[in-house]
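Colleague: Please take a close look at one part of this model, the place where two of its chains come together, and describe it for a first-year student.

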Amino acid sequence: MKEIVVISGKGGTGKTSITASFAYLSEKNIVIADCDVDAADMHLLMKPDLVRKEDFYSSLEAVIDQNTCIGCNKCFEVCRFDAISRENNKYDVIYLNCEGCAYCEKVCPVDAITMKRRLDGEWYISNTRLSKPMVHAKLGIGTENSGKLVATVKNIAKQVVELYNKDYILVDGSPGVGCPVISSLSGASFVVLVTEPTVSGLHDLQRVYSLIKKFGIKSGLIINKYDLNINKYLEIVNFAQKEGIVEIAELPYDETFVKAQTLGLTMAEFEDSNIKQILSDAWNKIIKLVN
Amino acid sequence: MKIIFTTKGKTWDSEMDSRFGRTEFLVVYDEEKDELTAIDNSAASQDAHGAGPKTSAKIGELGADVLITGNGPGGNAEKALRSLNIQIFVGAGNMTVKQAFEAYKKQELRKF
Amino acid sequence: MKIAIASGKGGTGKTTLSTNLALYLSQKQKTVLVDLDVEEPNSGLFISGDLIEEQVKYNMVPKWEPESCILCGECQDNCVFNAVVKIGSQIMVYPQLCHSCYACSELCPQNSLPMVPNRMGILKYFVKNNLHFVESKLDIGQEMAVPIIAQTIKYIEQKFEENTYKIFDSPPGTSCPVIEVGKNSDFVILVTEPTPFGLNDLKLAVETIRELDKPFGVVINRYGVGNDDVLNYCSEQDLEIIAKIPNKREIAEIYSRGESLFDRISEVKTELEKIENYLIKLNQQ
């Protein structure tokens, strides 16, 4: 089983759109994993048909039993996060502020406080219009994106691969350089880096590449909107050559990208797409590099 | 010698778990007493962070001399395990516990 | 007035808007641009200025004092984040996992875990002409964005008077760091684009900001591309569309060079004027 993870560092480079195109182009022996859990978008192009839904619990939150509470103020005194409100001697938890540290639970003299696992999101297994299964998720509003939901999506995807005897997992990775990305990269056989020839694009590519280098995962590069800025494009090519990152493809700046998205289609299947062939060649190259 | 394995089950025939911090079980083999005990480590997977340190603390309590695992501990766990002066062997991720033990005895596993 | 520029999605134009709005406003009124995307601050790529001050930012974490410790292990039991563990005959602290709740420290029967400062990242304050620019960056390996965001906002509140425009470039998404920025703002501008992805993420962003009960408005970037679904959604939800920045390849090219738009593209200047007028009206209320 091989895992291909697509990441970008910076948002808006076309990572999800390109991953969706690869999902379309691939053979049926693939499971799609949308690990971009904070504002996920893959499903907009996949038309998922829900097969299974599960709650995701991660952080803790304090709950005060009003019947037991004696209003001693101890919880208010110890809370460092302004998460205890007291109004007319009624003590309650401000959920948006509660860090789940459980300090209040420990000091309550009458055990009026319990820590409950918070519903931090949901994950799903769906069938898609491409007849390839997809594991995806939704992170709750205001939740810590610790990477745990990403790890959950990956684990479930692995189980689906085993159950249905698939050969590949294609991952739409998280943006940035923090725990969600690290979680996205864990276990990857190959990383596809999507970048754009802009000051921010190059900057974030270099930052995220230092992570990949540390993990020693083979990687390839796709430069999207490459003709936007020739100077920056050359800088990126130089950087890739210096670091030994294989260049997979260069996509021109193309308005049909959005047209396809608006119709709910990937660029690889959209009739008027100018980059169908480039994407197809790119995917074939990736499969060769992975094996 | 007390040897600890990161596993997916409780017996000699169980598969090894290639992970450390989030390993499903810890199996302890006491060579002198020829006893095999299993500890459920699934609680460590509940936590978003710190599974490595948490599992390392358990290892400390169990008083093991050798740890046999798959990929090896992450940075946080490694720091803790080094302070315990425990010997760590990796590369057993795709074996059964029995196979991992035999490989260790034959010095076929890589020292971490 | 504290204005947060946020979006559900990355890449919609938050930083583009924050930097250009700040540059534009600073021409007439004292303005400070604050880059709170502490994991990946990018505004500095578009604004160069003279460094006025830099401050290392710390959070408080426990430090083990072995002499008084009796190895009871209560600290490990008290830490839900696994940041304090008893390993053999040692107490090990992992500062990067610590949420600074003080439980282990204050509940230790021997006072063997005093809280000490731990470096999180660095705040830098620059000035270029009339624009003040503050950027905070998390050190690599540090995971907690919220404490450094909170401290940076405090710094801004202390350093700049009431009548300064304070533009907060927020992190993308809907998680804790965005909540922290939104909580401490007077008004939120949500940047979106008229595409299916843009709309999907705008809805999530709206849900997030509504949780905070803060007034907010929408700015549509790359207006003209995609379809009208975003417009229809805003109308259904009674959301004010403050400005629409047109979709122009030229804009993307200028942005790619790290240059400013407000002084090069007249349509952008017009839209920024609209935002300025909106803010003035808001201030008067």
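**The contact between chains A and C**

Modeller: About 4,400 Å² is buried between chain A and chain C, and carbon and sulfur atoms give 56% of that area. Buried area is the accessible area, found with a 1.4 Å probe, that two parts lose on being put together, summed over both. This is a predicted model, in which local features need pLDDT of at least 70 and side-chain atom pairs count only at pLDDT 80 or more, while totals for chains, interfaces and linings use all residues. Residues are numbered from 1 along each chain as its sequence is written, chains are lettered from A and ligands numbered from 1 in the order in which they are written, and side-chain values use heavy atoms, with hydrogens and water left out.

The predictor assigns the complex an ipTM of 0.90 and a pTM of 0.90. For chain C, the mean pLDDT (the predictor's confidence in each residue, from 0 to 100) is 94, and 100% of its residues reach 70 or more.

Across this interface, 54 residues of chain A are in contact (heavy atoms within 4.5 Å) with 53 residues of chain C. Three salt bridges are counted between the two chains; a salt bridge is a side-chain nitrogen of Lys or Arg within 4 Å of a carboxyl oxygen of Asp or Glu. Side chains of opposite charge can pair when their charged atoms come close. One salt bridge joins C:Glu40 to A:Arg207, with 3.1 Å between the closest N and O atoms. Over all chains, the count comes to 35 salt bridges.

Chains A and C also both contribute to the second largest pocket. A pocket, on a 1 Å grid over the protein atoms alone, is an open set of points where a 1.4 Å probe fits, with protein on both sides within 12 Å along at least five of seven lines; its lining residues have an atom within 4 Å of a point. The second largest pocket holds about 330 Å³ of space, a volume being the space filled by probe spheres set on the points, which are joined across faces, edges and corners. Its lining has 17 residues, and A:Leu119, A:Asp120, A:Gly140, A:Ile141 and A:Thr143 are the closest to its centre. At least two lining residues each come from strand E6 (113-127) and strand E7 (133-139) of chain A and from helix H6 (196-212) of chain C. Helices (H or I, at least four residues) and strands (E, at least two) are DSSP runs, numbered from the N terminus. E6(A) gives the largest share, six residues.
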